[in-house]
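Student: I've got a chain open and I'd like to practise reading it feature by feature. Can you walk me through it?
Tutor: Happy to. Let's look at it together.

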Amino acid sequence: MARGPKKHLKRINAPKHWMLDKLTGNWAPRPSTGPHKLRECLPLTILLRNRLKYALTGKEVQAICMQRLIKIDGKVRTDTNYPAGFMDVVSMEKTKENFRLLLDTKGRFSLHSIGESLETKFKLCRVKRQELGFRGVPYVVTHDGRTIRYPDPDIKVNDTVKVDLETGKITEFVKFEAGNVAMITGGNNIGRVGVITSRDRHEGGFDIVHVKDNAGHSFATRISNVFVIGKGNKPWVSLPKGKGIKLSVQEERSLRLQKK
């Protein structure tokens, strides 16, 4: 019988969206416990070695991290297995590069370059819990594990808050309501972006949210998969290539042929 937490991850059991091949070894980097779940994150090793190609091996990733060159959400991270996740800002001052982790319509993490714009100063967080703590202090817990005390009383579960990365304070918030633009973070429609049209309430079940994208396609998903990213149809963060529009197989093929 196993005792204690697992410390290894077989390559074959690693999440599909990491896109690791089967034959390069037996093992995959197991993400450390942190703000994002194991199957919903991208460890720094994969980010630097497999995505950005700044390293060839895990040892080189370690050398980069131990020089304190990598910041996530404004904090230096030296753990090569640190789990970076949705909406995190990855900064490298040496190369003057900043990336925001967003999702593409295939469910993979897309490292969206945000340069040195104002976007590097904040991130959006979805409110998971809103409660009263010790001595009646109100607080909210966000999707990336932050506990923020004394929030605006209008902020409720499922709303999105804009968090200043330097201070950790909430600067703005947007309500979860019809007419606001949202990104889907789970399920079959992962990575799609559209405007919320309606919400079906199901007592004792999962609320279903209906969303319509810019191409006019409508789809529905569970409320837990919907992450509001802006007021009206204007997102607060810039979107990766494709703008969250899911293409059919035929549309993808014709696009590929045009590029040739």
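Student: How many helices and strands does the secondary structure of the chain come to?
Tutor: Three helices and 18 strands. Keep in mind that this is a predicted model.

Student: And what does the radius of gyration tell me about the chain?
Tutor: For 260 residues, a compact globule would come out near 18 Å, and the chain has 19 Å, which agrees. Its C-alpha atoms fill a box of roughly 60 × 50 × 50 Å along the principal axes. As for burial, 43% of the 260 residues count as buried. The exposed area is about 15,200 Å², with carbon and sulfur atoms supplying 51% of it.

Student: What share of the contacts comes from residues 24 or more positions apart?
Tutor: Counting contacts with a separation of 6 or more, 46% come from such residues.

Student: Now the sheets. How do I read one?
Tutor: The general idea is that strands of a sheet pair through backbone hydrogen bonds, in a parallel or an antiparallel way. Here, one open sheet has five strands in the order β3-β2-β5-β6-β7, with antiparallel pairing. β3 (75-76) and β7 (109-113) are at the edges with a single partner strand each, so one side of each has no neighbour in the sheet.

Student: Which residue of β6 stands opposite V89?
Tutor: That's R100. The strands involved are β5, residues 89-92, and β6, residues 97-103, which pair over four bridges in the antiparallel sense.

Student: What is the strand order in the open sheet of six strands?
Tutor: Follow β16-β15-β14-β13-β17-β18, again antiparallel. The edge strands there are β16 (218-222) and β18, each pairing on one side only. For a register check, take β15 (residues 208-212), which makes five bridges with β16. Within that pair, V209 has T221 as its bridge partner.

Student: What about the hairpin of β11 and β12: which residue there takes a positive phi?
Tutor: G168, with phi near 75 degrees, in a hairpin that has five residues between the strands. β11 (residues 160-164) and β12 (residues 170-174) form an antiparallel pair over four bridges, and V161 stands opposite F173.

Student: How should I read a positive phi elsewhere?
Tutor: Most residues other than glycine have a negative phi. Two exceptions to look up are M19 and K53. M19 has phi near 55 degrees and is found in the segment before β1 (41-43). K53, with phi of about 60 degrees, is in the loop between α1 (44-51) and α2 (58-66).

Student: Is K53 buried or exposed?
Tutor: Exposed, with a relative accessible area of 62%. M19, at 45%, counts as partly exposed.

Student: Let's turn to a helix. How do I find its buried face?
Tutor: An α-helix has 3.6 residues a turn, so residues three or four places apart point the same way. In α2, the buried residues are V61, I64 and C65. Looking down the axis of α2, those buried residues fall within an arc of 95 degrees, so they line one face of the helix. K59 and M66 are exposed on the other side.

Student: What covers the buried residues of α2?
Tutor: The cover includes α1 and β2 (70-72). Just after α2, have a look at R68 too: its phi is positive, near 60 degrees.

Student: Can we finish with loops? Where does P240 lie?
Tutor: In the loop between β18 (234-235) and α3 (249-259). At 7% relative accessibility, P240 counts as buried. Leaving aside neighbours within four places in sequence, P240 is in contact with L102, L103, S110 and H112. Its C-alpha atom is separated from that of R100 by 9.3 Å, although the two are 140 residues apart along the chain.

Student: And T120: which backbone oxygen does its side chain reach?
Tutor: That of S117, at 2.9 Å. T120 sits in the loop between β7 and β8 (122-132) and counts as buried at 14% relative accessibility. Beyond four places in sequence, T120 is in contact with V89, N98, I114, G115 and L165. You've met V89 already: it is the residue opposite R100.

Key. Residues numbered from 1 in each chain as written. Predicted model: local features only at pLDDT ≥ 70, side-chain atom pairs only at ≥ 80, totals over all residues. Heavy atoms only, no water. Pairing = 2+ DSSP bridges. Buried < 20%, exposed > 50% of the residue type's maximum accessible area, 1.4 Å probe, protein only. Contact = heavy atoms within 4.5 Å. Arc of directions from axis to C-beta. Polar contact = N/O pair within 3.5 Å; in protein donor to acceptor, adjacent residues only side chain to side chain. Rg over C-alpha atoms; globule rule 2.2 N^0.38 Å. Areas by Shrake-Rupley, 256 points an atom, 1.4 Å probe, with all protein chains shown as cover.
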